[in-house]
Amino acid sequence: MSFKVHSPVVIIGSGPAGLTAAIYTARAGYPPLVIGGFEFGGQLMLTTYIENFPGFPDGILGPDLMQNMRKQAEKVGATIIDQNVTAVDFSTRPFRIFVDEDMYTADAVIIATGASAKWLGLESENRLKGRGVSSCAVCDGAFFKGQDVVVVGGGDSAMEDSIYLSNMCRSVTVIHRRDKLRASAIMQKRAMERPNIHFVWNSVVQEVLGDKKVSGVRIRNVITGEESTISCSAVFVAIGHTPNTEIFKPYLEMNDNGYLKVVKETRTNIDGVFAAGDVSDHIYRQAITAAGIGARAALDAVRYLEVLHSEKKAQEVLVKSLSEETG
Ligand code: NAP
């Protein structure tokens, strides 16, 4: 175990919540250490144009927005390392944060670890990951130019992926387990207007077919029980996300789905540990709401640090005057 550095505040995660928190804490006089993960930037690195982040009338690419946020955070004093936190110890003060054998300490921690893509949980899906099964249309879509692909899911992610894929693939078949989409009206409309996007309703994927690479899916109609197969070269799974909270389980309270519980604004059940973004928000889950909560978490952390540091100073003064008094 090697001790690396103590920071007033460590931010875990480098999506919009983490980087906004970094900008705010740095500008308040507490330059943070951001341990941002191997995959810097979070979910927006996997998206194309963002049209609903205010300030960009022509839209902005997700990766560009994240690079800008990073540049801004570093410019005002944040240090960012692209490594994964492997464990934490919130039972002692200062808090301990581990990256394998390296230990970092902090007076306050802001958790902004976001959420990761969910999978269907099929053996065949797992076996064919990277061989046609993907959770990232933007990353892998280009491999399937001119081919037939399937998208699983009925939310905004599934619609966004389908629209993106329809620009390069011959056909996109959306398989949804109900007969109504969860996606917003505008995304539904955009997807339905594309002539090469088709919908298969009330159906679930039973098996991804293929030996070394995907050749199709076997699906079951949940109303009739009827099974059928669809030929395709790729399956894009877009069925939502799971919060990245595993390493915090021994210390922090969570809801049934594993999202961090905030007890007061952005405070968790441990004084000095704050949560921001998708890791604690299963309702809004937008880049702009994550950034907003990141700013709130930073302001809460700064208030906490100011009280903590003034108490420490008062204690030091008291000890000094007592030692002078007693000679
Ligand atoms: P989501 O809204 O939770 O939708 C997940 C979809 O997958 C639902 O249609 C769900 O079906 C289906 N599903 C879940 N588990 C399944 C399973 N095991 N098998 C088959 N289908 C399953 O997730 P999301 O689409 O990732 O969106 C998350 C949030 O991000 C939303 O707030 C969304 O608005 C936002 N978002 C916005 C944009 C944009 O504005 N450009 C793009 C992407 C995401 P049911 O409908 O039956 O539950």
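**Salt bridges, domains and sheets**

Trainee: Which residue meets the side chain of Glu51 in a salt bridge?
Mentor: A salt bridge here is a side-chain nitrogen of Lys or Arg within 4 Å of a carboxyl oxygen of Asp or Glu. For Glu51 the N to O distance is 3.5 Å, and the partner is Arg190.

Trainee: What pLDDT do side-chain atom pairs need in order to count?
Mentor: Residues are numbered from 1 along each chain as its sequence is written, and side-chain values use heavy atoms, with hydrogens and water left out. This is a predicted model in which totals for chains, interfaces and linings use all residues, local features need pLDDT of at least 70, and side-chain atom pairs count only at pLDDT 80 or more.

Trainee: How far apart are the centres of domain 1 and domain 2?
Mentor: Domain bounds come from an automatic or database domain assignment. Domain 1 takes in 2-116 + 241-321, and domain 2 is 119-237. Taken over C-alpha atoms, the separation of their centres is 34 Å.

Trainee: What area is buried between domain 1 and domain 2?
Mentor: Five residues of domain 1 are in contact (heavy atoms within 4.5 Å) with seven residues of domain 2. Buried area is the accessible area (1.4 Å probe) that two parts lose on being put together, summed over both. Carbon and sulfur atoms give 56% of this area, and the total is about 430 Å².

Trainee: How many salt bridges are counted between domain 1 and domain 2?
Mentor: Polar contacts can be set beside them: a pair of N or O atoms within 3.5 Å, where within protein one must be able to donate a hydrogen and the other to accept it, and residues adjacent in sequence count only if both atoms are side-chain atoms. Across this interface, zero residue pairs (both at pLDDT 80 or more) are in polar contact. The structure's salt bridge count comes to 13. Between domain 1 and domain 2 the count is one.

Trainee: Why are Arg127 and Glu123 separated by about one helical turn?
Mentor: Their side chains meet in a salt bridge, with 3.5 Å from N to O. Helices (H or I, at least four residues) and strands (E, at least two) are DSSP runs, numbered from the N terminus. The separation follows because, within helix 3 (residues 123-127), Arg127 and Glu123 are four residues apart.

Trainee: Which residue stands opposite Val208 in strand 15?
Mentor: Two strands pair if DSSP finds at least two bridges between them. An open sheet of three strands runs 14-15-16 with antiparallel pairing, and its edge strands, 14 (203-209) and 16 (227-231), each pair on one side only. Strand 14 and strand 15 (residues 216-221) share six bridges. Opposite Val208 stands Val217.

Trainee: Which residue of strand 17 stands opposite Val152?
Mentor: The open sheet of five strands has parallel pairing and the order 10-17-11-12-13. Strand 11 (residues 148-152) and strand 17 (residues 234-237) run parallel and are joined by four bridges. The residue opposite Val152 is Val237.

Trainee: What is the omega of the peptide bond from Arg93 to Pro94?
Mentor: Pro94 lies in the loop between strand 6 (87-89) and strand 7 (95-99). The bond is cis, with omega near -10°.
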